[in-house]
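Thank you all for making time this morning. I would like to walk you through one structure at an easy pace, so please have the view open in front of you.

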Amino acid sequence: YSLSDGISALVRFGSESVDIHSPLQGLFNLYNLLAGFGAVHTLTNEPLEKIAQVVPNFAGVEGRMEVISQKPLIIVDFAHTPDGMKKVFESFGGRKVKAIFGAGGDRDKDKRPKMGEVASRYCTKIYLTSDNPRSEEPTTIIEEIAKGIKNKVALEKIPSRKEAIKKALQELKEDEVLLVLGKGDEEFIEVRDKKLPFKDKEVILNLLDSVRK
């Protein structure tokens, strides 16, 4: 299999084999495709070749390793724990990865430095920002994440999630991957007792047009 520019793999099922191609990203999505592929084949008994023909049509689930742009590669994912982030980062071995993320307020504080430590092992640059701060100060959460970053990875602390995305897009090069993590397909950001409209995908697409002009 290959994980560059999507997923390409040779699938064997019993004595049959077929090539599959998918726009999805990451090793775990290859596992998901194989599970779905096997289930469809078992339940319908359709030929592998026929199933393989429709695999490219499935673009994945919104907010889960969702490709927002191919060139440069920009992905939105719901990962908001150290383990979840690690799995996402491992999908881009050998690539230059930049990440935007924060941590939810009024939630597990112990994971915050661990998130910073995981990101620092895989990223060339990290943009720490807000992710549903709720009753906490975004700057406090950001500093707690930053405590886990021990190496000299490039780091920016930008409390405004929109401004963090804008800065990352301005600096993003064609050979880099930008991962916008934590909120997935959520359509709001929680600040104090309010839910303010905010969707990573929409913000990225709106900013991308202006940044690329």
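I will begin with the strands, then turn to an aromatic pair and some backbone details, and end with the pockets.

Before anything else, please keep in mind that this is a predicted model, and that the values I mention are computed from it.

Let me start with strand β4, which covers residues 73-77. All of this strand is covered: 5 of the 5 residues of β4 are buried, so the strand is largely enclosed by the rest of the structure. If you follow its side chains, Leu73, Ile75 and Asp77 point one way, while Ile74 and Val76 point the other way, and all of them are buried.

Which strands does β4 pair with? One partner is strand β3, residues 66-69, and here the pairing runs in the antiparallel sense over 3 bridges. Within that pairing, Val67 stands opposite Ile75 of β4, and Ser69 stands opposite Ile74. The two strands form a hairpin, with 3 residues between them. Another partner is β8, and with this strand β4 pairs in the parallel sense over 5 bridges. Here Ile75 appears again, since we find it standing opposite Leu179 in β8.

From β8, which spans residues 176-181, we can step across to strand β5, because these two also pair in the parallel sense, over 5 bridges. In that pairing, Lys96 stands opposite Glu176 of β8. Strand β5 itself, residues 96-101, is mostly covered, with 5 of its 6 residues buried. It also pairs with strand β6, residues 125-128, again in the parallel sense, over 4 bridges, and there Phe101 stands opposite Leu128 of β6. Between these strands comes a helix: β5, helix α4 (residues 111-122) and β6 together make a right-handed β-α-β unit.

Helix α4 brings us to the aromatic rings. How many aromatic pairs does a search of the whole structure find? The search finds 1. That pair is made by Phe89 and Tyr122, and it is stacked, with 5.6 Å centre to centre and 20° between the planes. Phe89 lies in helix α3 (residues 82-89) and Tyr122 in helix α4, so the pair ties together parts that are 33 residues apart in sequence. As for their surroundings, Phe89 counts as buried, at 1% relative accessibility, whereas Tyr122 is partly exposed, with a relative accessible area of 25%.

Now to the backbone, where I would like to point out three places. A cis peptide bond joins Lys71 and Pro72, with omega about 0°, and Pro72 is found in the loop between β3 and β4, the strands of the hairpin I described earlier. The second place is Met65, where phi is near 50°, a positive value in a residue other than glycine. Met65 is located in the loop between α2 and β3, and at 2% relative accessibility it counts as buried. The third is Asn132, where phi is likewise positive in a residue other than glycine, near 50°. Asn132 sits in the loop between β6 and α5 (138-146), and is Asn132 buried or exposed? At 4% relative accessibility, Asn132 counts as buried.

Let me close with the pockets, and with a word on how one looks for them. Rolling a probe the size of a water molecule over the atoms shows where empty space is left.

The largest pocket holds about 280 Å³ of space. Its lining is made up of 16 residues, of which Leu24, Asn29, Asn32, Leu33 and Phe58 lie nearest the centre of the pocket. Helices α1 (27-44) and α2 (48-54) each supply at least two residues of this lining, and the largest share, 7 residues, comes from α1. Sorted by class, the lining has 11 nonpolar, 4 polar and 1 charged residues.

In the second largest pocket there is about 180 Å³ of space. Among the residues that line this pocket are Phe78, His80, Arg107, Lys111, Asp131 and Glu186, and Asn132, with its positive phi, is another member of the lining. By class, the residues around the second largest pocket are 2 nonpolar, 4 polar and 5 charged.

That is the tour I had planned, and I am happy to go back to any of these places on the screen.

Conventions
Residues are numbered from 1 along each chain as its sequence is written. This is a predicted model: local features need pLDDT of at least 70, side-chain atom pairs count only at pLDDT 80 or more; totals for chains, interfaces and linings use all residues. Side-chain values use heavy atoms; hydrogens and water are left out. Buried means under 20% relative accessible area, exposed over 50%, partly exposed in between (1.4 Å probe, protein chains only). Two strands pair if DSSP finds at least two bridges between them. A crossover is right-handed if, with the strands pointing away from the viewer, the path from the first strand over the helix to the second runs clockwise. On a 1 Å grid over the protein atoms alone, a cavity is a set of points where a 1.4 Å probe fits but cannot get out, and a pocket is an open set with protein on both sides within 12 Å along at least five of seven lines; lining residues have an atom within 4 Å of a point. Grid points are joined across faces, edges and corners, and a volume is the space filled by probe spheres set on the points. Ala, Val, Leu, Ile, Met, Phe, Trp, Tyr, Cys and Pro count as nonpolar, Asp, Glu, Lys and Arg as charged, and the others, Gly among them, as polar. Rings of Phe, Tyr and Trp (its six-membered ring) pair if their centres lie within 6.5 Å; planes under 30 degrees apart count as stacked, over 60 as edge-to-face and the rest as tilted.
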